[in-house]
Amino acid sequence: LIKFGDNTEMIFQNEYDPEQFENINIDASSSNVRIEKGNTDKIKVTAYGDKDDRIAENISENELLISKESSKIYIFTFLYWCNEEIIIEIPDNCTKNFTINTSSGDITAPNLETSNIQFITSSGKITCGNINNGELNSSSGDIKVGDGNELTINTSSGEIQTGNLKLLNASASSGDIEVGTIEETNLKTSSGKITVNSSNRIQAECSSGDIRINNIGNYCSLKSTSGNIEINTLNITENSSIEAKSGNVRINSKNDIYVETQTGSGDADVENNNRKAEIVLDITTTSGNIDVK
C-alpha cells in the first residue's frame with residue numbers, strides 16, 4: 001500500500017482530574033512527547049498519529065498509564081509521513097511524577113520543579129526546564145535541562161548541558177558535558193570535553209578531551225587521558241588530586257596549599273608553594289606541563 005502526503009490524525013484525547021493519581025506513565029513507542037502548561041485545572045492528554053495507531057489508557061495503583069501501539073505495515077512509505085506526538089497539558093504547580101519512555105522520539109518539558117521524573121528515549125533528544133529530582137537517559141541524543149536539585153543524566157552519543165544543581169551524576173560516551181554551578185558532581189565522558197562553572201565537590205574523568213573548570217571549592221578528583229585540565233580558581237579544603245596522562249595542567253589561582261607534582265616528560269612550575277600546609281593537591285602528568293599560580 002502506498003500512502004501520499006500527511007497522514008496525521010488525532011487518535012486520542014482525554015481529560016483527567018489530577019486527584020485521580022500521583023504518577024503519569026507514558027509508553028510512546030516512536031512518538032515525540034511534549035509536556036505543556038495548560039489553561040485549566042485538568043490534566044489533558046492528546047495523541048496524534050496514523051489512524052491505525054492505537055492508544056490504551058489505564059488508571060490503577062495511583063498511576064495513569066498511556067501506551068501507544070502501531071499496527072500499520074507499509075511496503076512503500078517514501079511518499080507518506082505522519083507526525084506522531086503525545087501532548088500532556090498540566091495545570092500550574094503540578095506535583096505529579098512523570099515516567100516517559102519513547103523508542104525514537106524527542107521529549108520536551110517545561111519547568112517541573114515539584115516533580116520527580118524519569119525520561120528515556122532510545123534515539124531522540126531530551127529538553128527540560130527546571131526540575132526537582134530525576135533521571136534522564138538517551139541512547140543517541142542531546143540532553144538539556146535547566147536548574148534543579150538532584151539529577152542522573154546518561155547519553156551514549158550526545159551532549160549534556162545543565163543549569164545549576166545540588167547533585168549531578170552525568171556520563172556521555174561520545175559528547176561534551178557543560179554544566180553550571182553544582183554543589184556536588186560526578187562527570188564522565190569518553191570522547192568529549194567537560195566544562196564546569198563551579199563545584200564544591202567534583203569528580204570528573206575525560207578519556208579524550210579537555211576539562212575546564214572556572215571555580216573549585218573543597219575537593220576535586222580530575223583525570224584526563226588525552227586532554228588538558230585548566231582551573232581558573234581553586235580553594236580546596238580537603239586533599240585532592242589531578243591527573244593528566246598526555247596533557248597539560250594549569251591552575252590560574254589557588255589557596256594556601258601544598259602542591260605536590262610529578263611529571264614524566266614535562267616541566268612543573270608552582271608559585272607560592274607552602275610545604276607546611278595541611279591540605280595537599282597531587283598533580284601528575286605523563287607527558288605534559290604543570291603550571292600553578
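**Exercise 1. Place the salt bridge between Lys-193 and Asp-176.**

Step 1. Lys-193 pairs with Asp-176, the closest N and O atoms being 3.0 Å apart. A salt bridge needs a side-chain nitrogen of Lys or Arg within 4 Å of a carboxyl oxygen of Asp or Glu. The model is predicted: local features need pLDDT of at least 70, side-chain atom pairs count only at pLDDT 80 or more, and totals for chains, interfaces and linings use all residues. Residues are numbered from 1 along each chain as its sequence is written, and side-chain values use heavy atoms, with hydrogens and water left out.

Step 2. Lys-193 sits in the loop between E19 and E20, Asp-176 in the loop between strand E18 (165-172) and E19, so the pair ties together parts 17 residues apart in sequence. Strands (E, at least two residues) are DSSP runs, numbered from the N terminus.

Step 3. Lys-193 is partly exposed at 40% relative accessible area. Asp-176 is partly exposed too, at 21%. Buried means under 20%, exposed over 50%, partly exposed in between (1.4 Å probe, protein chains only).

**Exercise 2. Compare the pair Asp-106 and Lys-125.**

Step 1. Their side chains meet in a salt bridge at 3.1 Å, N to O.

Step 2. Asp-106 lies in the loop between strand E10 (97-102) and strand E11 (107-109), Lys-125 in the loop between strand E12 (112-121) and strand E13 (126-128), 19 residues apart.

Step 3. Asp-106 is partly exposed at 23%, and Lys-125 is partly exposed at 42%.

**Exercise 3. Describe the surroundings of Ser-208.**

Step 1. Ser-208 lies in the loop between strand E20 (194-206) and strand E21 (211-224).

Step 2. Leaving aside neighbours within four places in sequence, Ser-208 contacts (heavy atoms within 4.5 Å) Ser-190, Ser-191, Gly-192 and Ser-226.

Conventions
Helix = DSSP H or I, 4+ residues; strand = E, 2+ residues; numbered from the N terminus.
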